Amino acid sequence: LSLDRVENSCMSGMSDVHGSLKRKASFWIELKTCALPSNPKTKIRPKFQPAQPGWIRKRLASGDRVFVLLQVGSGGKAKRFLLDGCYVPRLVNSGMTVEALEEAAVLPPIAFASEMIEACATWDFFI
């Protein structure tokens with residue numbers, strides 16, 4: 001397993017984490033957090049830097065695996081949604097309810113970090 005936190009001052013938009021598992025695909029993860037809305041119909045729109053959606057789109061178009069790990073809420077009520085990067089335009093433009101995030105997530109929001117890493121390296125994109 002290799003996970004690297006990326007801080008890049010030369011290129012804007014690059015995702016936060018690059019990872020790979022032995023004999024499996026490498027992947028990128030963009031980390032985001034948002035407050036848990038009190039109304040379940042409220043759409044969640046994480047803040048992306050202006051260059052991030054374009055960078056993610058280019059990586060996906062080149063065949064890379066890119067995900068968003070979105071934590072909604074904090075403490076014991078926090079849910080962590082691992083989303084295929086194809087959902088970035090929807091998150092940026094219109095947002096998603098918690099219910100929509102649960103439906104779109106690669107794994108249940110209670111998944112362990114090790115399960116998320118395995119999923120990132122083996123997920124079959126549906127695009």
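User: How do you know that helix 1 lies across strand 3 and strand 4?

Analyst: This is a predicted model, and in it the buried residues of helix 1 pack against strand 3 (26-34), strand 4 (65-72) and helix 2 (88-93). Contact takes heavy atoms within 4.5 Å. As for direction, helix 1 runs at about 155° to strand 3. Those buried residues of helix 1 are Gln52, Gly54, Trp55 and Ile56.

User: And what does helix 4 lie across?

Analyst: Helix 4 (residues 113-122) lies across strand 1, strand 3, strand 4 and strand 5, at about 150° to strand 4.

User: Why is the Trp28 and Trp55 pair called edge-to-face?

Analyst: Check two numbers. The centres are 5.0 Å apart and the planes make 85°. Rings pair if their centres lie within 6.5 Å, and planes over 60 degrees apart count as edge-to-face, so the label fits on both counts. The structure holds one aromatic pair, and this is it. Trp28 sits in strand 3 and Trp55 in helix 1, 27 residues apart, so the pair links distant parts of the chain. Both Trp28 and Trp55 are buried.

User: What makes Arg59 count as sitting over the ring of Trp55?

Analyst: The charged end of Arg59 is 5.9 Å from the ring centre. The distance cut-off is 6 Å, along with a limit of 35 degrees from the ring normal, so 5.9 Å passes the distance test. Lys32 does something of the kind over the face of Phe48, at 4.6 Å from the ring centre.

User: Why are strand 1 and strand 5 called edge strands?

Analyst: Each of them pairs on one side only. The open sheet has five strands in the order 1-2-3-4-5, with mixed pairing, and the twist averages 25° from one strand to the next.

User: How do you know that strand 1 and strand 2 pair?

Analyst: Pairing needs at least two bridges; strand 1 and strand 2 (residues 17-20) have four, in the antiparallel sense, so they qualify. Within that pairing, Asp4 stands opposite His18 in strand 2.

User: What makes the largest nonpolar core a core, and which residues have the most contacts inside it?

Analyst: Its members are buried nonpolar residues joined through side-chain atoms within 4.5 Å. The core has 22 residues, and Ile44, Leu70, Val72, Phe81, Leu83, Met96 and Leu101 have the most contacts inside it. Strand 3, helix 1, strand 4, strand 5 (79-84), helix 2 and helix 3 (98-104) each supply at least two residues of this core. Apart from it lies another core, of 13 residues, including Val17 and Phe27.

Notes
Residues numbered from 1 in each chain as written. Predicted model: local features only at pLDDT ≥ 70, side-chain atom pairs only at ≥ 80, totals over all residues. Heavy atoms only, no water. Buried < 20%, exposed > 50% of the residue type's maximum accessible area, 1.4 Å probe, protein only. Axes fitted to C-alpha atoms, helices over the stretch in contact; angles between N-to-C directions. Phe/Tyr/Trp six-rings, centres within 6.5 Å; stacked < 30°, edge-to-face > 60°.
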